[in-house]
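Trainee: Could you take me through one part of this structure in detail? I would like to see how a single helix sits in the chain, and then how its surroundings are built.

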Amino acid sequence: MATFVESKYGVAFCILLGSLSVAFSDVVVDSMVVERSRGESQSMSGSLQSLCWGSSAFGGIVSSYFSGSFVGAYGVRFVFGLTALLPLITSAVSVLVKEQPIRGQNILLNGGFLESSTNSITQLCDAVKQPNVFLPTLFIFLWQATPQSDSAMFYFTTNKLGFTPEFLGRVKLVTSIASLLGVGLYNGFLKTVRLRKIFLVTTIIGSALGMTQVLLVTGLNRQLGINDEWFAMGDSLIITVLGQVSFMPVLVLAAKICPEGMEATLFATLMSISNGGSVLGGLIGAGLTKLFGVTKDKFDNLTFLITLCNLSSLLPLPLLGLLPEDSSDSDSEKNADVEMKSN
């Protein structure tokens with residue numbers, strides 16, 4: 001993409017290839033985190049996930065700080081070329097990872113690769129069929145599959161409000177900082193709170209805060225003395241903090257329900273199902289965008305689209321019973337004290 005790619009199909013192929021490459025390393029990192037989370041409390045599991053996503057958010061801050069200005073000053077191809085070199089750092093860091101090799105027969109030499117793959121798929125299906133895995137996975141999928149109006153809002157901010165690439169880079173910087181704040185908020189105050197309670201509260205508050213986009217669309221923010229750019233930054237900051245806080249329990253839950261020996265496979269499957277829910281939500285949102293007649297130049301019904309998408313995010317709440325009845329760390333400590341006294 002930094003050199004000779006010209007067609008949209010070439011761009012799509014390069015994006016697919018890059019995403020596939022990142023996915024491999026992402027699965028390995030996830031399996032390491034899940035393996036270290038096994039047997040630990042919800043608080044410790046939350047701390048591990050916070051460390052990973054905090055690091056990701058910090059990287060997002062660094063890249064967002066330069067992305068918009070670099071695109072404006074040097075062009076898109078220069079940015080693609082520069083960012084193509086950064087994943088090589090992952091290869092260098094992998095040398096520092098300590099792992100215990102498994103000694104045994106080489107399944108490739110013994111012709112058992114197909115049989116081993118079949119057994120892995122069978123174990124994965126058996127694990128997903130278990131109620132303590134299937135029901136939470138179903139909730140995560142439905143929670144992510146609610147319709148979204150992000151694409152319509154992007155066209156509104158760029159075509160209607162005239163936000164420049166440099167300003168959008170600043171917004172990205174703000175959202176990256178907000179993600180880091182969200183991770184810190186969860187790690188500092190919410191990692192011991194019951195998962196059902198976090199999902200309930202963050203979903204309700206997120207639905208209410210999402211309605212603030214209506215103020216931007218209708219121009220009420222300007223009547224309140226807040227210009228569009230400052231309002232968009234503040235709105236993105238608040239919503240991203242809450243979104244990160246609500247997403248952290250998904251990672252903790254996925255790590256907790258992974259059985260031993262299938263950390264990478266099952267966690268990657270759960271995240272794929274979660275991402276599949278997001279894709280479905282985007283498709284439903286695109287269908288609603290077309291139904292309401294919202295285009296890149298016409299935004300008459302954008303207010304109704306935003307309202308419907310935010311209200312629909314409340315639909316999965318009656319299914320909170322699908323999540324495991326987990327106990328907070330404080331309850332676990334109390335039960336441990338009771339057992340020690342009884343002994």
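Mentor: Happy to; what follows starts with the whole chain, settles on helix α8, and then turns to two other places.

Please keep in mind that this is a predicted model. The protein chain has 343 residues, and 34% of them count as buried. Its secondary structure comes to 15 helices and 0 strands. If you take the contacts between residues at least 6 apart in sequence, 82% of them join residues at least 24 apart.

Now for the part itself. Helix α8 covers residues 165-190. With its 26 residues, α8 reaches 35 Å from the first C-alpha to the last, which is close to the 38 Å expected at 1.5 Å a residue. Many names come up when you ask what is buried in α8: F167, G169, V171, L173, V174 and T175 are among them, and the list goes on with S176, A178, S179, G182, V183 and Y186.

Have a look at L185, which also lies in α8. Is L185 buried or exposed? The answer falls in between: L185 is partly exposed, because its relative accessible area is 35%, and buried would need a value under 20%. Leaving aside residues up to four places away in sequence, L185 touches L190, V241 and V245. Q244 is another residue to compare with L185: the two are 59 residues apart in sequence, yet their C-alpha atoms are 9.3 Å apart in space.

Helix α9, residues 195-210, is a good one to set beside this. Its 16 residues should span 22 Å at 1.5 Å a residue, and the end C-alpha atoms are indeed 22 Å apart, so expectation and model agree. The buried residues of α9 are L195, I198, F199, T202, T203, S207 and G210. These cover an arc of only 140° around the axis, which means that they sit on the same side of α9.

To finish, here is a pair of packed helices. Two such helices are described by the angle between their axes and the distance between the axes. For α7 (residues 150-160) and α14 (residues 302-312), the angle is about 145° and the axes are 10 Å apart. Their crossing is left-handed. On the α7 side the contact is made by A152, M153 and F156, and on the α14 side by L302, L305 and I306. Sorted by type, the residues of this contact are 6 nonpolar, with no polar and no charged ones.

Conventions
Residues numbered from 1 in each chain as written. Predicted model: local features only at pLDDT ≥ 70, side-chain atom pairs only at ≥ 80, totals over all residues. Heavy atoms only, no water. Axes fitted to C-alpha atoms, helices over the stretch in contact; angles between N-to-C directions. Helix = DSSP H or I, 4+ residues; strand = E, 2+ residues; numbered from the N terminus. Left-handed = near helix turned anticlockwise from the far one by under 90°. Contact = heavy atoms within 4.5 Å. Nonpolar A, V, L, I, M, F, W, Y, C, P; charged D, E, K, R; others polar. Expected span 1.5 Å × (residues − 1). Buried < 20%, exposed > 50% of the residue type's maximum accessible area, 1.4 Å probe, protein only. Arc of directions from axis to C-beta.
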